Amino acid sequence: MSVLNVENPACMQDDEINMFQDAVNRFYERHASPETTEQWRQNHMSDLDIWKHAGEAGLLCASIPMEYGGSGGDFRHEVVIIENSIKHDAGGFGITLHNAILAPYILLHGTEEQKQRWLPRLATGELRGAIAMSEPGTGSDLSAVRTTAVKDGDDYVINGQKTFISNGQVANLICVVTKTDTSAGSRGVSLMMVETEAAEGFRRGRILDKVGCESQDTSELFFEDVRVPKENLLGLEEGKGFVQLMKELPKERLIIALQGIYAMEIALEHTVEYVKERKVFGQRVMDYQNTQFKLAECKTQATVAKVFTLHCLDLLMQGKLDDTMASMAKLHVSEAQGKLVDECLQLFGGYGYMNEYPIARLYRDARGQRIWGGTSEIMKLVISRSM
Ligand SMILES: Cc1cc2nc3c(=O)[nH]c(=O)nc-3n(C[C@H](O)[C@H](O)[C@H](O)COP(=O)(O)OP(=O)(O)OC[C@H]3O[C@@H](n4cnc5c(N)ncnc54)[C@H](O)[C@@H]3O)c2cc1C
């Protein structure tokens, strides 16, 4: 039993999910060992082999129906993958973005031909996905994107620049947020699917040097007169991109909250273990009342965050998770996570500041949680609109 003693919601208590949990854990033990993930950190990206292995193991497109080459699961299977990815420090392998964000865009909004064209190849790992929304000039306000897609005969011609794109080096199927009508604000946004190997004028920039998440290939992408066939407009209808993006936001915010609660749990476990070992002035750090009080606060925060997030998971599985609840989960967890890792690091003393200790990494990685997928300020805007 973990340090938090929070039971999984009823929707996760299922023999098939338990078996999947064991299989995914074994997969990560085998293909994302501490030595491997350290290598990814040095390289600032994972290697392509793991995509192939994950395809063979049925992990890619775990929640996509079998008729499109997926494993026929649902979001609970993605939750298992998310938990294992955090537990094994394997964030460099961007499977959650691929499985739980990119593939569902195609499943929900693609035409039958688009689903048949891309989903089976995403399930084998032949295609690896990314979503390119953010640009140097805009992130929070997606209606202000400047990348354009202009119709020219049977093609669209894409011009623009994206930044902060996860899976930016490994992805070869990128959902690019463009404007097909620059005068129509959010109603001019369209999602263009770019298969990069056939895309002349597409260029990957450098892997960005970040505060944390060093094994992730967050990159700049450049599009210069990139031609894609008109059949690559997701859903084949111009101006629907903003609505397509908004529909998926609650789930995307829940994913970040889930990543946060599992990271908090791990930070707490490492810290409890450390303070029970480390002695200062002749007694264990754990024996000081200050330590006990700090850890009591951390456990309370992490428990409250986990219970609320799992409640949101239950709502999502019932089709009832709205943007307000999901934004509260993302806001609360990411803020609580930031405070918890800071308190935990303090209890390690100088060792907490050393990168060889996992708490240092958990501290660095936590900082981005309040930024990506919508900042805390944007979460507050969304929540305040519900009152
Ligand atoms: C590691 C990492 C990975 C990422 N991966 C991806 C990815 O795969 N794909 C992708 O498209 N993007 C990705 N992003 C981008 C991320 O989603 C954006 O950074 C985020 O949405 C914020 O946008 P911005 O950086 O442009 O900040 P800005 O929008 O410029 O915001 C700057 C500040 O202004 C505040 N602010 C903005 N609007 C308001 C408002 N209305 N009221 C009050 N305050 C406001 C913000 O909260 C923030 O504090 C990633 C970012 C990081 C760091």
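Two residues are in contact if their C-beta atoms, placed from the backbone, lie within 7 Å. On that basis, begin with the whole chain of this predicted model: of its contacts with a separation of 6 or more, 74% join residues 24 or more positions apart.

**The whole chain**

Keep all 387 residues selected for the overall dimensions. The C-alpha trace spans about 80 × 40 × 40 Å along its principal axes. A compact globule of 387 residues would have a radius of gyration near 21 Å, and the chain agrees with this because its own value is 21 Å. Colouring by burial then picks out the buried residues, which make up 48% of the chain. Colouring by secondary structure displays twelve helices and nine strands.

**The three domains**

Next, give each domain its own colour: residues 10-127 for domain 1, 131-241 for domain 2 and 248-384 for domain 3.

Select domain 1 together with domain 3. Their C-alpha centres are 23 Å apart. How many residues of domain 1 are in contact with domain 3? There are 13 of them, and they meet twelve residues of domain 3. On the domain 1 side, the elements to highlight are helix H4 (75-87) and helix H5 (95-109), each of which gives two or more residues to the side that touches domain 3. H4 provides the largest share of that side, with seven residues. Colouring this side of domain 1 by residue class shows nine nonpolar residues, one polar residue and three charged residues.

**The ligand and its shell**

Now centre the view on the ligand and display the 22 residues around it. Which of these come nearest? They are Met133, Gly139, Ser140, Thr375 and Glu377. Strand E1 (129-132), strand E3 (155-165) and helix H12 (376-384) are the elements that each give two or more residues to this shell. Select H12 in particular, since the most residues contributed to the shell, three, come from this helix.

Switch the shell to colouring by class: ten residues are nonpolar, ten are polar and two are charged.

To finish, restore the domain colours while keeping the ligand in view. Why does the ligand lie between domain 2 and domain 3? Residues 131-241 and residues 248-384 both contribute to the shell around the ligand, so the ligand is placed between these two domains.

Methods
Residues numbered from 1 in each chain as written. Predicted model: local features only at pLDDT ≥ 70, side-chain atom pairs only at ≥ 80, totals over all residues. Near = placed C-beta within 6 Å. Helix = DSSP H or I, 4+ residues; strand = E, 2+ residues; numbered from the N terminus. Nonpolar A, V, L, I, M, F, W, Y, C, P; charged D, E, K, R; others polar. Domains from an automatic or database assignment. Rg over C-alpha atoms; globule rule 2.2 N^0.38 Å. Buried ≥ 20, exposed ≤ 12 C-beta atoms within 10 Å, placed from the backbone.
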